[in-house]
Amino acid sequence: MTYVVAFDNSPLAKAALDRAVAFACASEEEVVAVTAIPRDPGVARERGWLGGNESFSVDRVTTNLTRIVDEFDPEIRFEYSVVDKYAPRGRISRAVRELAVQNDASVVFIGSDNAGRMVGGIASIGQTVSADDRYDVHIVRHTDNVDGAGQ
């Protein structure tokens with residue numbers, strides 16, 4: 001079993017990764033960061049997946065994301081799925097959910113500032129990812145005490 005983190009390099013995703021690492025240290029579970037990568041240079045730049053003058057390629061983005069995750073904690077494994085440039089949120093959510101299932105997730109950690117009192121109110125990928133009953137979901141809504149490095 002593993003702890004899977006929906007990771008897009010946002011502050012809340014980093015907080016979710018931090019929480020997953022903390023839980024994993026206590027329970028000796030593996031942590032896997034997963035990302036659905038749209039074939040969209042604008043999204044890649046906006047999320048910090050590409051440097052200033054780097055040209056877009058899936059290989060470049062995955063190399064950069066692997067480095068980001070590795071710098072956070074070298075014990076974290078990184079996996080990804082590529083989606084179409086114009087993929088709707090539902091396709092991105094499905095890709096994350098599929099990666100969670102493929103990795104036999106026991107818990108999926110999701111960073112979302114839109115999580116209200118009900119998971120159905122999440123305007124990000126959380127609603128679709130949390131709909132799968134094969135794993136528990138941990139929603140991270142605050143970035144308090146996250147320094148960008150695990151442990």
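Here are a few questions and answers about this predicted model.

User: How are residues numbered, and what limits apply to this model?
Analyst: Residues count from 1 along each chain as its sequence is written, and side-chain values use heavy atoms, leaving out hydrogens and water. Because the model is predicted, local features need pLDDT of at least 70, while totals for chains, interfaces and linings use all residues, and side-chain atom pairs count only at pLDDT 80 or more.

User: In what pattern do the helices and strands follow each other along the sequence?
Analyst: Helices (H or I, at least four residues) and strands (E, at least two) are DSSP runs, numbered from the N terminus. The protein has five of each. Read along the sequence, the pattern is β-α-β-α-α-β-α-β-α-β.

User: Which strands stand at the edges of the sheet?
Analyst: Two strands pair if DSSP finds at least two bridges between them. The open sheet has five strands in parallel pairing, ordered E3-E2-E1-E4-E5. Each edge strand has a single partner, so one of its sides lacks a neighbour in the sheet; these are strand E3 (77-83) and strand E5 (136-140).

User: Which side chain of opposite charge is nearest to Asp40?
Analyst: Asp40 sits in the loop between strand E2 (30-38) and helix H2 (41-46). Lys and Arg count as positive, Asp and Glu as negative, with His and the chain ends not counted. Asp40 is buried (under 20% relative accessible area, 1.4 Å probe, protein chains only), yet has no salt bridge, meaning a side-chain nitrogen of Lys or Arg within 4 Å of a carboxyl oxygen of Asp or Glu. At 4.8 Å away, the nearest is Lys85.

Terms used. Buried < 20%, exposed > 50% of the residue type's maximum accessible area, 1.4 Å probe, protein only.
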